[in-house]
Amino acid sequence: MDNALDLYSQPKLNISNCVTIKLTERNYIHWKRQFESFLSGVDLLGFVNGASPQPDSVIHVPNI
């Protein structure tokens, strides 16, 4: 891959940049709020809380 293209590639997703606290027995509510905000921001929260339907496990391709 050309190094010049690396400058324009999408940054790698790193959850530790968004969820800044480590989960403990005492901070679940605060951690959950950050984690759900992160998932919502990347359009994944619905798959975790059940609001989005589960994708099909098999995609059928018609014979041509």
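Which residues does Asn27 touch, not counting residues up to four places away in sequence? In this predicted model, Asn27 touches Ile21 and Lys22. Asn27 belongs to the loop between α1 and α2. With a relative accessible area of 18%, Asn27 is buried, because the cut-off for burial is under 20%. The surroundings of this residue are best described after an account of the chain as a whole.

The secondary structure consists of three helices and zero strands, and the order of elements from the N terminus is α-α-α. Confidence varies along the chain. The average pLDDT is 84, and 81% of the residues score at least 70. Among the elements, helix α1 (residues 3–6) has the lowest mean pLDDT, at 58, whereas α2 has the highest, at 93. Helix α2 spans residues 28–41, and α3 spans residues 45–49.

Of the 64 residues of the chain, 11% count as buried. The area exposed by the chain is about 6,300 Å², of which carbon and sulfur atoms supply 56%. A nonpolar surface patch is formed by Leu23, Tyr28 and Ile29, which together have about 300 Å² of accessible area. Within this patch, Ile29 is a residue of helix α2. Ile29 has a relative accessibility of 55% and therefore counts as exposed, the threshold being over 50%. Tyr28 is also part of the patch, but its relative accessibility of 41% places it in the partly exposed class.

Tyr28 also takes part in the aromatic contacts of the model. The count of aromatic pairs comes to three. One of them joins Tyr28 and Trp31 in a tilted arrangement, with 6.2 Å from centre to centre and 35° between the planes. Both residues lie in helix α2, where a spacing of three residues corresponds to about one turn of the helix. Trp31 forms a further pair with Phe35, and this pair is stacked, with 5.0 Å from centre to centre and 15° between the planes. The pair counts as stacked because its planes are under 30 degrees apart. Trp31 and Phe35 are four residues apart in helix α2, so about one helical turn separates them. Phe35 is partly exposed, with a relative accessible area of 26%. Tyr28, Trp31, Phe35 and Phe38 form one aromatic cluster.

Helix α2 also carries a charged pair. The count of salt bridges comes to one. This interaction links Glu36 with Lys32, and the closest N and O atoms are 3.6 Å apart. Both residues lie in helix α2, four residues apart, about one turn of the helix. Glu36 is partly exposed at a relative accessible area of 32%, and Lys32 is partly exposed at 31%.

A buried polar residue is likewise present in this helix. Gln34 is located in α2 and has a relative accessibility of 18%, so it counts as buried. When neighbours within four places in sequence are left aside, Gln34 is in contact with Cys18, Val19, Thr20 and Ile21. Ile21 is also among the residues touched by Asn27, the buried residue of the loop between α1 and α2.

The loop between α2 and α3 contains two further residues of interest. Val42 is found in this loop and is partly exposed, with a relative accessibility of 29%. Val42 and Leu13 are 29 residues apart in sequence, while their C-alpha atoms are 9.4 Å apart in space. Asp43 lies in the loop between α2 and α3 as well. Its backbone has a positive phi of about 55°, although Asp43 is not a glycine. Most residues other than glycine have a negative phi. Asp43 is exposed, with a relative accessible area of 64%.

Notes
Residues numbered from 1 in each chain as written. Predicted model: local features only at pLDDT ≥ 70, side-chain atom pairs only at ≥ 80, totals over all residues. Heavy atoms only, no water. Helix = DSSP H or I, 4+ residues; strand = E, 2+ residues; numbered from the N terminus. Buried < 20%, exposed > 50% of the residue type's maximum accessible area, 1.4 Å probe, protein only. Areas by Shrake-Rupley, 256 points an atom, 1.4 Å probe, with all protein chains shown as cover. Patch = residues over 30% accessible without salt bridge, like charges linked within 9 Å, V, L, I, M, F, W, Y side chains within 5 Å. Salt bridge = Lys/Arg side-chain N within 4 Å of Asp/Glu carboxyl O. Phe/Tyr/Trp six-rings, centres within 6.5 Å; stacked < 30°, edge-to-face > 60°. pLDDT = per-residue confidence, 0-100. Contact = heavy atoms within 4.5 Å.
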